[in-house]
Amino acid sequence: MRTITLLFVLLAVTVARANNDNDTVVVKNAKKVTIVTNDSLQKIEIQGKEGDDNFHYTNTIQLVDSNYVSSAVVDRNFGFAIGPSKNNRHPMEVQMHFMIGYNSALSTPEHMDVKPFSSADIMWEIGEFNYRPWSSSTDQIAVGVGLSWRSYRMTGSYRFVKSAEGVTSVQPVPEGAEPKFSRIKTFGLSFPILYKFNRVKRFSFQFGPIINCISHSSMLTRYKLDGKKIKDSATDLHHNPVTVDLIAILSNPIVDMYVKWSPCNAFQSDFAPKFHSLSFGFYF
């Protein structure tokens with residue numbers, strides 16, 4: 001009898017919201033439905049639905065003098081489903097993500113003092129295709145494509161210099177100069193290939209390689225000398241066209257974090273300093 005009463009209350013709330021607010025929520029094949037009722041409050045919670053395991057809907061009904069005050073919250077991830085496979089057990093999703101963090105350089109030559117909190121690591125993952133290959137597990141395999149920027153910035157008394165022969169090296173700023181900064185930067189396409197562990201509710205762990213196809217590199221140095229602002233810039237620093245990063249991402253209810261390390265040199269060793277990249281930051 002209690003179950004029938006709850007179903008009638010749920011139906012009445014849906015009809016009332018449709019008539020008053022023109023707001024109807026339709027959920028197909030919900031994974032879990034929880035209804036909590038007391039003398040003055042009823043809460044309806046729906047977790048997961050067909051094609052979206054991260055769907056989360058809550059509706060709270062507060063009874064006041066035979067009327068009700070209703071509030072609803074729908075929580076979805078940033079991705080959107082493009083449809084399940086024929087057997088309806090291996091859904092695929094397409095998502096978009098951003099990575100914004102700090103960048104540092106490891107195993108650098110003498111005097112190359114890159115400041116991590118002054119150097120940026122930015123990636124816009126335009127499309128990430130997520131596929132769940134096993135019907136008995138929520139783990140996923142993801143393949144994506146995006147754009148990435150990475151800078152290496154120094155703020156001390158040394159600067160990056162590109163010679164007439166095309167060799168980039170670390171040299172002191174001119175005597176008497178007031179240094180502002182000196183940085184080198186890379187830009188290109190990135191292709192992450194990730195494995196996602198989704199074993200704990202609202203927590204997940206991802207790891208895998210990112211293949212970078214670098215298309216552009218540049219250098220910029222600014223300092224003051226004899227009261228004049230000096231700007232020294234150059235492009236085509238003989239970057240390596242293809243590099244590989246290793247990334248780990250921890251998703252949680254508070255803020256998603258990532259750490260990324262590259263065993264490859266971003267620039268050709270005959271034309272630029274040798275070093276490895278290490279970056280960390282936020283994942284959206």
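**Note on the predicted model**

1. His238 has a relative accessible area of 23% and is therefore classed as partly exposed. The residue sits in the loop that joins strand E13 (228-235) to E14. Its backbone deserves a comment: phi of His238 is near 60°, a positive value in a residue other than glycine. The structure under discussion is a predicted model, and the remarks below should be read accordingly.

2. A second histidine belongs with this point. His111 is not a glycine, yet has a positive phi of about 75°. Its place is the loop between strand E6 (92-106) and E7. With 37% relative accessibility, His111 is partly exposed. As background, most residues other than glycine have a negative phi.

3. How many salt bridges does the structure hold? The total is 5. One of them joins Lys115 to Asp113, with 2.9 Å between the closest N and O atoms. Both partners are partly exposed, since Lys115 has a relative accessible area of 30% and Asp113 one of 44%, and the partly exposed class runs between 20% and 50%.

4. Another salt bridge pairs the side chains of Asp121 and Lys260, at 3.3 Å from N to O. This pair links distant parts of the chain: Asp121 belongs to strand E7 (residues 120-131) and Lys260 to strand E15, and 139 residues separate them. Are the two residues buried or exposed? Asp121 and Lys260 are both buried.

5. Glu128 and Lys196 also form a salt bridge, and their closest N and O atoms are 2.8 Å apart. Because Glu128 lies in strand E7 and Lys196 in strand E11, the pair ties together parts that are 68 residues apart in sequence. Glu128 is buried, at 0% relative accessible area. Lys196 is buried too, at 5%; the cut-off for this class is under 20%.

6. Salt bridges also join into a network, whose members are Asp121, Arg150, Asp245 and Lys260. Two of these names, Arg150 and Asp245, return in the next point, as they are among the residues closest to the centre of the largest cavity.

7. The cavity search yields 1 cavity of 30 Å³ or more. The largest cavity encloses about 150 Å³ of space. Which of its 18 lining residues come closest to the centre? They are Arg150, Thr186, Asn212, Ile214 and Asp245. At least two lining residues are supplied by each of strand E8 (140-154), strand E11 (178-200), strand E12 (203-225), E14 and E15. The lining of the largest cavity is made up of 6 nonpolar, 8 polar and 4 charged residues.

8. Strand E12 also contains Gly208. Gly208 is buried, with 11% relative accessible area. The C-alpha atom of Gly208 is 9.3 Å from that of Ile249, and the two residues are 41 apart along the chain.

9. The surface carries a nonpolar patch with about 800 Å² of accessible area together, formed by Phe98, Ile100, Ile122, Trp149, Ile254, Val255, Met257, Phe282 and Phe284. One of these residues, Val255, is placed in the loop between strand E14 (242-251) and strand E15 (257-262). Its relative accessibility is 31%, so Val255 is partly exposed; membership of a patch requires over 30%.

Note on methods: Residues are numbered from 1 along each chain as its sequence is written. This is a predicted model: local features need pLDDT of at least 70, side-chain atom pairs count only at pLDDT 80 or more; totals for chains, interfaces and linings use all residues. Side-chain values use heavy atoms; hydrogens and water are left out. Patches are made of residues with over 30% relative accessible area and no salt bridge: like charges are joined within 9 Å, nonpolar side chains (Val, Leu, Ile, Met, Phe, Trp, Tyr) within 5 Å. Accessible areas come from the Shrake-Rupley method with a 1.4 Å probe; for residues, only the protein chains shown count as cover. A salt bridge is a side-chain nitrogen of Lys or Arg within 4 Å of a carboxyl oxygen of Asp or Glu. Helices (H or I, at least four residues) and strands (E, at least two) are DSSP runs, numbered from the N terminus. Buried means under 20% relative accessible area, exposed over 50%, partly exposed in between (1.4 Å probe, protein chains only). On a 1 Å grid over the protein atoms alone, a cavity is a set of points where a 1.4 Å probe fits but cannot get out, and a pocket is an open set with protein on both sides within 12 Å along at least five of seven lines; lining residues have an atom within 4 Å of a point. Grid points are joined across faces, edges and corners, and a volume is the space filled by probe spheres set on the points. Ala, Val, Leu, Ile, Met, Phe, Trp, Tyr, Cys and Pro count as nonpolar, Asp, Glu, Lys and Arg as charged, and the others, Gly among them, as polar.
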